[in-house]
Each structure stands twice: as structure tokens, then as C-alpha cells.
Amino acid sequence: MNLDGKLTLDARAQRANKDAAEINVHLRQLEALRAGAAISVLDNRKIIQVAGEDAEAFLQGQLSSDVRELADENRAQYSSYSTAKGRMLASFLVWRSGGVYSLAVSADLADYVAKRLSMFVLRSKVKVSIADNLTLIGLAGAAALDALAIESALAASAGPREMVGVELGLLIGLPGSGWALAVDEVGAERVGERLTDGASLISSGVWDWRDIDAGIPWVGLATQEQFVPQMANMELIGGVSFKKGCYPGQEIVARSQYLGKLKRRLFKVAFKQPLAIGAKLYSPSVAGQSIGMVAAVCQVASEQYEGLAVVQFQAWEEGIYADEAHTIRLEQRNLPYSLNEGLEN
């Protein structure tokens with residue numbers, strides 16, 4: 001049975017977000033996500049498109065990943081965009097379809113990033129625009145696939161960072177579990193028509209737990225220009241190539257990699273009080289100074305939160321706290337990848 005079939009997909013997403021403000025609903029949505037029976041309209045992401053015959057060369061000179069690897073249009077990759085000092089202005093999920101590059105980015109940075117990229121187009125045959133007609137939808141589990149009539153065998157062919165076309169749009173496999181479905185306006189309407197009780201529609205904020213669990217960082221307004229890509233483990237998820245040519249911040253990124261100067265990393269953490277993204281972190285080992293920052297947060301129980309934090313390695317020895325009085329302690333949790341091993345780039 002369709003859920004309030006007269007509502008648009010956007011209206012349903014807004015309702016899911018609003019309902020999730022109530023803790024019991026939030027936790028029920030999280031349970032559906034963990035059980036692999038959830039769909040989420042990722043309205044906290046926007047898609048920037050880069051088109052034109054010089055698009056590949058242009059992005060190759062701007063992003064940290066090797067966008068030439070997307071030429072076959074059968075895979076996606078994580079990437080980042082930095083200042084000349086190597087500090088990330090944004091992080092992305094990037095793919096290519098029909099010769100056009102799509103960059104999924106934190107919604108609060110989309111206008112800024114699109115405008116900044118456009119400043120460097122110069123005489124290149126490139127057009128940068130925000131694709132308001134495209135929507136990114138998160139799918140978790142077989143129930144989500146069944147609800148949208150996506151064949152499980154077809155979805156299984158989209159492994160992590162791999163891409164396959166389906167009736168509704170483009171299905172991108174995500175690290176850990178689940179998929180991102182990129183749809184246009186027609187696809188979004190069909191998604192709304194097919195939503196059933198078989199899979200719960202959850203808020204984009206609850207979906208963020210999936211990326212936290214997978215150790216996938218998203219730079220937003222609160223963390224912009226705070227991290228060198230390796231601090232956010234971007235090279236460990238395929239978001240940095242050390243074999244490509246120059247791009248903004250490339251010298252700093254390479255120096256951090258090869259000279260062993262990296263002191264901070266992204267960790268999965270747990271804590272018992274709500275913390276804001278961008279909140280500073282402290283340790284008794286470095287009195288009076290911040291040793292890191294909260295990068296992502298999701299509530300997972302009545303008095304329990306999980307998140308991602310960029311902190312100094314050595315600070316764990318004496319503990320990491322969210323206050324200078326050292327009363328709100330962060331506990332380290334396991335990431336699904338090793339901090340000592342990167343992907344081949």
C-alpha cells in the first residue's frame with residue numbers, strides 16, 4: 001500500500017526529517033537503517049554538474065582524485081577540492097554519465113563550490129552548474145530494492161564505488177553497505193509512486209549514520225578548510241591520487257603523505273552528550289589547546305551518540321574530551337578500514 005500517495009517525494013522526505021526530531025522516531029528510523037530496510041532522500045546533498053569537451057581535463061586539474069578513472073562510466077569515486085594550502089573546501093562523491101560529471105556535495109556548500117569552480121574555467125569549454133533536477137536517494141537492503149522494483153541481482157553488480165543503470169536512474173554502490181540512487185524529476189516521481197510499507201522512509205540525518213559507520217567524511221560549512229585530505233582519511237577511501245598531475249593543494253597533500261608529517265586522522269568515536277559538528281576537542285596531553293574537531297554526529301540511543309572526529313594520534317593515550325574540563329570523554333570505535341593501509345591510486 002502506498003504511503004499517502006498524493007504527497008510528493010520531497011514532501012515525504014520533509015515529513016521524515018520532521019518526525020525524526022522526536023527521539024523515539026529517530027531511533028526507529030535508525031533501527032530500520034541498520035536492519036537494511038530503509039530509503040532516504042538525501043536532501044543534505046546537492047549535485048554539481050560539470051559538462052563540456054574540456055570537463056575531464058578541467059576537473060583533473062581541480063580535484064584530488066584521478067577523474068580519468070571514470071571514463072568508462074561504470075564506477076564512482078570519492079574526491080576533494082582544496083585551497084592552495086591543502087585545506088579541504090569540499091568533499092564529493094563523483095561519477096560520469098553521458099559525458100557529464102556529477103559531484104555530490106554537502107548542500108550547504110554547493111553554491112559556493114559551483115561558483116568557485118566556475119572562476120577557474122577561464123577559456124576552457126566547460127560549464128559548471130547545480131543540477132536542481134537531480135535527487136540523490138539512499139537505499140539500504142533488499143527491502144528498499146523491492147520497494148522500488150530494483151532487481152537485487154542488478155543491484156549486486158554495483159559493488160562499492162561501482163555504478164549500474166536501472167530503470168529509475170543510476171545506482172551507485174557504497175562502501176560498507178547500501179546504494180545511492182541518482183534520479184531525475186521523472187525518476188523521483190516514480191520513486192514516490194512505488195514507496196510502500198516494505199521499507200521505511202528515513203531522514204537524511206539518520207542516513208548519516210551509514211557514512212559514519214563506513215568512515216566516509218563529508219566536509220560541510222562547519223568543517224570547511226579545517227582538514228588536509230589525509231586528516232579525513234580521503235586517500236584511504238580512494239579520494240586522493242598520488243600519481244596524477246597538479247591540482248590546488250597538491251604539494252601540501254604530497255608532502256603530508258611522503259614526509260610523514262601527518263599528526264591527525266579521522267576516527268570513529270562514541271560519546272554520551274550531544275556535540276555539534278565542528279566542535280573542538282581537547283586532551284590532558286595538550287593543555288589549553290584544541291587537538292581535533294568533530295566531523296559528523298548521529299544519536300544512536302537515548303544517551304549515546306556516534307560520530308567521526310579528526311584528532312591527534314597521540315592524544316588517545318591520555319584521552320580525548322569535548323570540553324576543556326575533560327568531563328565529556330570520547331571513546332574510539334573501529335573503522336572498517338585500516339589507518340595504515342591506503343587504496344592503490
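**A tour from helix 1 to Trp-316**

Begin by selecting helix 1, residues 9-19, where Leu-9, Arg-12, Ala-13 and Ala-16 are buried. These four residues lie on the same side of helix 1, because they cover an arc of only 100° around the axis. As you look, please keep in mind that this is a predicted model. Now turn to the face of helix 1 that points away from the buried side, and you will find the exposed residues Gln-14 and Lys-18 there. To see what the buried residues of helix 1 pack against, add helix 2 (23-34), strand 1, strand 7 (135-140), helix 7 (185-194) and strand 11 (200-202) to your selection.

Strand 1 leads to the next stop. Select Asn-44, which sits in the loop between strand 1 (38-41) and strand 2 (45-51). Is Asn-44 buried or exposed? With a relative accessible area of 19%, Asn-44 is under the 20% cut-off, and so it counts as buried. Next show the side chain of Asp-208, which is joined to the side chain of Asn-44 by a polar contact of 3.2 Å. If you set aside the neighbours within four places in sequence, the residues in contact with Asn-44 are Val-105, Ser-106, Ala-107, Ser-204 and Asp-208.

From here, move on to the cavities. How many cavities of 30 Å³ or more does the structure hold? There are two of them, and the largest has a volume of about 90 Å³. To find the largest cavity, select its lining residues, which are Leu-42, Arg-45, Tyr-78, Leu-93, Leu-136, Leu-174, Ala-180, Trp-207, Asp-211 and Trp-218. Sorted by class, this lining has eight nonpolar and two charged residues, with no polar ones.

Keep Trp-218 selected, since this residue is also listed among those that line the second largest cavity, together with Pro-217, Val-219, Thr-223, Phe-227, Ala-232, Leu-266 and Ala-295. The second largest cavity holds about 40 Å³ of space, and its lining divides into seven nonpolar residues, one polar residue and no charged residues.

For the last stop, select Trp-316, which has its place in the loop between strand 15 (304-312) and strand 16 (320-321). Trp-316 is buried, with a relative accessible area of 17%. Not counting residues up to four places away in sequence, Trp-316 touches Phe-267, Val-269, Val-311, Leu-330, Glu-331 and Gln-332. Finally, you can draw a line from the C-alpha atom of Trp-316 to that of Leu-103, 213 residues apart along the chain, and find that the two atoms are separated by 35 Å.

Terms used:
Residues are numbered from 1 along each chain as its sequence is written. This is a predicted model: local features need pLDDT of at least 70, side-chain atom pairs count only at pLDDT 80 or more; totals for chains, interfaces and linings use all residues. Side-chain values use heavy atoms; hydrogens and water are left out. Helices (H or I, at least four residues) and strands (E, at least two) are DSSP runs, numbered from the N terminus. Buried means under 20% relative accessible area, exposed over 50%, partly exposed in between (1.4 Å probe, protein chains only). A polar contact is a pair of N or O atoms within 3.5 Å; within protein, one must be able to donate a hydrogen and the other to accept it, and residues adjacent in sequence count only if both atoms are side-chain atoms. Contact means heavy atoms within 4.5 Å. On a 1 Å grid over the protein atoms alone, a cavity is a set of points where a 1.4 Å probe fits but cannot get out, and a pocket is an open set with protein on both sides within 12 Å along at least five of seven lines; lining residues have an atom within 4 Å of a point. Grid points are joined across faces, edges and corners, and a volume is the space filled by probe spheres set on the points. Ala, Val, Leu, Ile, Met, Phe, Trp, Tyr, Cys and Pro count as nonpolar, Asp, Glu, Lys and Arg as charged, and the others, Gly among them, as polar. The arc is that of the directions from the helix axis to the C-beta atoms.
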